[in-house]
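Trainee: I would like to learn how to read a model of this kind, feature by feature. Where do we begin?

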Amino acid sequence: MNQTIEMIMKRRSTRVFSEEPISDEEKGLILDATLRAPTAGNMMLYSIIQIDSQELKDKLSESCDHQPFIAKAPWVLLYLADFQRQVDYFRHCEVQHLCEERGIPYRTPEEADLMLACCDALIAAQTTVLAAESLGIGSCYIGDVMENYEVHRDLLHLSKYVFPITLLCLGRPGRELSEKSRSPRFGKEFIVYKDSYRRLNSEDFDRMYEPLESPKGEPRQYYQGAQNIGQAMYLRKTSADFSLEMARSVKIMLKNWK
Ligand SMILES: Cc1cc2nc3c(=O)[nH]c(=O)nc-3n(C[C@H](O)[C@H](O)[C@H](O)COP(=O)(O)O)c2cc1C
């Protein structure tokens, strides 16, 4: 195993941060590495907002499903799927005029453009995560920034073709975590297929979730009296208030985008 793979294998989300600040030099290095992330057509369909204001951090820690550690993170970066810059550049380059001249339709941003911009933004975010990790700086994604679209749009002056796809909290880990507490993953056979998609059956699911079950002999207790992990997951995540809010928020954003 080389050092890079070892670092990837050891990485885990950091939600408790030490007081030790991240230097400007480190931030600069991480951001330079981030901008080298692969990007569709080399268009860089994303923007990053560094959230320096404590007031903004406080507000985001509330609007992103009440997660106080956001307000305590030494470095907070918001990743935007950004097609606005492309639209504005096309306007600057009089692309619509070209289309009229050539009798071809001028295509305004559609769902596919949003998807591509989301890919770019997330790949940039993960590049940040790994660059930071290599300097001993931990991170945690906040997917809940997809909630409360209208609040975030107004708070950060987001344009029509800009969508906050993820937030990263970064800082040096404030506590040592044991190897044992590392979150488990599903086996490769359930995630990586050869040549075609494979739908999993009941037997597969039993084996797939085995690492997540309590060790044999220990009493199995699931969230809110659920009978198994799937039921607990549905109650805790899929049907929870934050998920319903995310579904609402993304619907509004898509309507606005179109
Ligand atoms: C898209 C995405 C959204 C996430 N959102 C949150 C979040 O809102 N709050 C949080 O504490 N962790 C969040 N996480 C971190 C996951 O909970 C974490 O990656 C997962 O439990 C696996 O743990 P590990 O990163 O330590 O391996 C998110 C991760 C991803 C990839």
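Mentor: We go from the whole chain to helix packing, cores, cysteines and backbone angles.

Mentor: This is a predicted model. The protein chain has 11 helices and 4 strands, and its C-alpha atoms fill a box of roughly 75 × 45 × 40 Å along the principal axes.

Trainee: What percentage of the 258 residues count as buried?

Mentor: The figure is 36%. As for contacts between residues at least 6 apart in sequence, 76% of them join residues at least 24 apart.

Trainee: How is the packing of two helices described?

Mentor: Two numbers are used for packed helices: the angle between the axes and the distance between the axes. Here, helix 3 (residues 54–63) packs with helix 8 (residues 149–156) at an angle of about 170°, and their axes are 11 Å apart. Angles over 145 degrees count as roughly antiparallel, and helix 3 and helix 8 are therefore roughly antiparallel to each other.

Trainee: Which residues of helix 3 and helix 8 make the contact?

Mentor: Helix 3 contributes Leu56, Lys59, Leu60 and Ser63, while helix 8 contributes Val151, His152, Leu155 and Leu156. By class, the residues of this contact divide into 5 nonpolar, 2 polar and 1 charged.

Trainee: Now the interior. Which residues touch the most other members of the largest nonpolar core?

Mentor: They are Tyr79, Leu114, Phe163, Ile165 and Leu170, in a core of 29 residues. At least two residues of this core come from each of strand 2 (75–82), helix 7 (111–134), strand 4 (162–171) and helix 11 (241–257). Helix 7 gives the largest share, 9 residues.

Trainee: What is Leu170 in contact with, leaving aside its neighbours within four places in sequence?

Mentor: Its contacts include Phe17, Ile22, Trp75, Leu77, Ala132 and Ile137. There is also a second, separate core of 18 residues, with Ile51, Ile70, Val76 and Ile142 among them.

Trainee: Next, the cysteines. How many disulfides does a search of the whole structure find?

Mentor: The search finds 0 disulfides. For Cys118, the nearest cysteine sulfur is that of Cys119, 7.2 Å away. A disulfide requires sulfur atoms within 2.5 Å. For Cys140, the closest cysteine sulfur is in Cys169, at 6.4 Å, too far for a bond.

Trainee: Are Cys118, Cys140 and Cys119 buried or exposed?

Mentor: Buried means under 20% relative accessible area. Cys118, at 13%, is therefore buried, and Cys140 is buried too, with 4% relative accessibility. Cys119 has 39% and so counts as partly exposed. Cys119 is found in helix 7, and its C-alpha is 8.7 Å from that of Leu45, although the two residues are 74 apart in sequence.

Trainee: Last, the backbone. What is phi of Asp65, and what is phi of Asp195?

Mentor: When reading phi, look for positive values in residues other than glycine. Phi of Asp65 is near 60°, which is such a value. Asp195 has another, near 65°.

Trainee: Where are Asp65 and Asp195 found?

Mentor: Asp65 is in the loop between helix 3 and helix 4 (69–72), and Asp195 is in the loop between strand 4 and helix 9 (202–209). In relative accessibility, Asp65 is at 28% and counts as partly exposed, whereas Asp195 is at 85% and counts as exposed.

Methods: Residues are numbered from 1 along each chain as its sequence is written. This is a predicted model: local features need pLDDT of at least 70, side-chain atom pairs count only at pLDDT 80 or more; totals for chains, interfaces and linings use all residues. Side-chain values use heavy atoms; hydrogens and water are left out. Axes are lines fitted to C-alpha atoms, for helices over the stretch in contact, and angles run from 0 to 180 degrees between N-to-C directions. Angles under 35 degrees count as roughly parallel, over 145 as roughly antiparallel, 65 to 115 as roughly perpendicular and the rest as oblique. Contact means heavy atoms within 4.5 Å. Ala, Val, Leu, Ile, Met, Phe, Trp, Tyr, Cys and Pro count as nonpolar, Asp, Glu, Lys and Arg as charged, and the others, Gly among them, as polar. A nonpolar core is a set of buried Ala, Val, Leu, Ile, Met, Phe, Trp, Tyr and Cys residues joined through side-chain atoms within 4.5 Å. Buried means under 20% relative accessible area, exposed over 50%, partly exposed in between (1.4 Å probe, protein chains only).
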